[in-house]
2 protein chains.
Amino acid sequence: MAEGSSPSDGLLFLTDEQLRKGIEAMFFAYRGFTSDPDRILEGMDYGRAHHRAVHFIHRSPGTTVGNLLSILGVTKQSLNRVLRTLFDDGLVEARVGKADKRERHLFLTDKGAALERMLSDAQRARMRSAYRAAGPQAVQGFRTVLEAMMDPELRRQYQGLKENGQ
Amino acid sequence: MAEGSSPSDGLLFLTDEQLRKGIEAMFFAYRGFTSDPDRILEGMDYGRAHHRAVHFIHRSPGTTVGNLLSILGVTKQSLNRVLRTLFDDGLVEARVGKADKRERHLFLTDKGAALERMLSDAQRARMRSAYRAAGPQAVQGFRTVLEAMMDPELRRQYQGLKENGQ
DNA sequence: TTGGAATGTCAACAACGCTGACGTAAGTTG
DNA sequence: CAACTTACGTCAGCGTTGTTGACATTCCAA
């Protein structure tokens, strides 16, 4: 039992202990991932939910409420509460759809775009430094594993964003 | 401007667009990451906070309340609410410290261990399938980037867990 | 015209963060 | 021993963000 005691020795990275470390890495990394925007938003009347809305409206200008709902995976009541404050504060603007007048297309105002920039600058700074420290090959692996971890439905959403992402 | 239009051509993985994709990958992957345990816990009177407590008590049996507080990064009031229900339901047990009687050392009961297993089996299954699909090299990169993304303080916690991790 | 889709809104509630304040037991130090 | 500090518990109150359920409006489509 010197070596080769496991089924097929290239599979040591699939041991429960390795998987557990991956789980904990996700937990701690996600904390870091959200901490910079959270810090910026605290004190303003906004939170993580506002950040997400602003992010995806920036990402896909003109997206509809329903589309945003399916990306964010929350109820319309929950999203609506967030959108209302963003309208009221003049960060987001809704234009009635041309083709389908029931739809409301969402856009950031200049003020909204300014907030989005502040938030995403902070978040990108952390990603950039992590990416730089890890190197391109690690980044490739990072993205591969994350994609494999998504629910198929969410993966489609994610990949959909990629394409129309400018 | 055919190729080589960027400062130093190995750095294309640091463009804003690449970073944005990484950010979105974290967002969607984390949703998948938490969804299986969430599904199991819904209906029981527990939530994500209970899962985290149970996870780290399993991981470091005999850990103290204070230690758990620093790992989870929440207030004692918040943690206490969670621990109380776990005590009441007989999932977690506290033993007064021998050396320092102010400390309470936390352990899972059999019932608690059973819940932990159910939750971590589900979560590991997802990780395992993602790891398998991505391959060992990608997994290596995944872990490297996540570690680089953590706050230094949290990274120490994470690495501390690694060592005493069985 | 009738049904369903897209959206808004009111009300109530739950989970889980937070702060502030107070209490108690037990170590530690002067 | 007295005084301070640490580890923990607890009460009360509050904020964000998620949930259901119910109801209204507008408008596309069959």
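Me: Going by class, how do the residues of the surface near DNA strand C divide?
Reply: This is a predicted model, so take it in that spirit. Nonpolar residues number three in the surface near DNA strand C. The rest of that surface splits into ten polar and eleven charged.

Me: Which residues come nearest to DNA strand C?
Reply: There are 24 residues around DNA strand C, and both chains show up among the nearest. Sugar and phosphate make up 57% of the strand's atoms that come within 4 Å of the protein. From chain A the nearest are K76(A) and R104(A), and from chain B they're R52(B), T75(B) and R81(B).

Me: What distance separates the side chain of R81(B) from a base nitrogen of DNA strand C?
Reply: Base atoms of strand C have a few polar partners here. Q77(B) puts a polar side-chain atom 2.9 Å from a base oxygen, and K76(A) has a side-chain N or O atom 2.5 Å from a base oxygen. For R81(B), the polar side-chain atom to base nitrogen distance is 2.5 Å.

Me: Which residues come nearest to DNA strand D?
Reply: Strand D has 25 residues around it. By class, that surface holds four nonpolar, ten polar and eleven charged residues. Chain A gives R52(A) and R81(A) to the nearest set, while chain B gives K76(B), R102(B) and R104(B).

Me: How far is a backbone N or O atom of T75(A) from a phosphate oxygen of DNA strand D?
Reply: Of the strand D atoms within 4 Å of the protein, 57% belong to sugar or phosphate, with bases making up the rest. On the base side, a side-chain N or O atom of K76(B) sits 2.4 Å from a base oxygen. On the phosphate side, V65(B) has a backbone N or O atom 3.5 Å from a phosphate oxygen, and for T75(A) that kind of distance is 2.6 Å.

Me: Which elements give two or more residues to the surface near DNA strand D?
Reply: Both chains chip in, with two helices from each. Chain B supplies α3 (65-72) and α4, and chain A supplies α2 and α4.

Me: Which element gives the largest share of the lining of the largest pocket?
Reply: The largest pocket holds about 610 Å³ of space. Its lining has 23 residues, with Y30(A), R48(A), Y30(B), R48(B) and R52(B) closest to the centre. At least two lining residues come from each of α1 (16-41) and α2 (48-59) in chain A, and from each of α1 (16-41) and α2 (48-59) in chain B. The largest share, seven residues, belongs to α1(A).

Methods. Residues are numbered from 1 along each chain as its sequence is written. Chains are lettered from A and ligands numbered from 1 in the order in which they are written. This is a predicted model: local features need pLDDT of at least 70, side-chain atom pairs count only at pLDDT 80 or more; totals for chains, interfaces and linings use all residues. Side-chain values use heavy atoms; hydrogens and water are left out. On a 1 Å grid over the protein atoms alone, a cavity is a set of points where a 1.4 Å probe fits but cannot get out, and a pocket is an open set with protein on both sides within 12 Å along at least five of seven lines; lining residues have an atom within 4 Å of a point. Grid points are joined across faces, edges and corners, and a volume is the space filled by probe spheres set on the points. Helices (H or I, at least four residues) and strands (E, at least two) are DSSP runs, numbered from the N terminus. A residue is near a molecule or strand if one of its heavy atoms lies within 4 Å of it. A polar contact is a pair of N or O atoms within 3.5 Å; within protein, one must be able to donate a hydrogen and the other to accept it, and residues adjacent in sequence count only if both atoms are side-chain atoms. Ala, Val, Leu, Ile, Met, Phe, Trp, Tyr, Cys and Pro count as nonpolar, Asp, Glu, Lys and Arg as charged, and the others, Gly among them, as polar.
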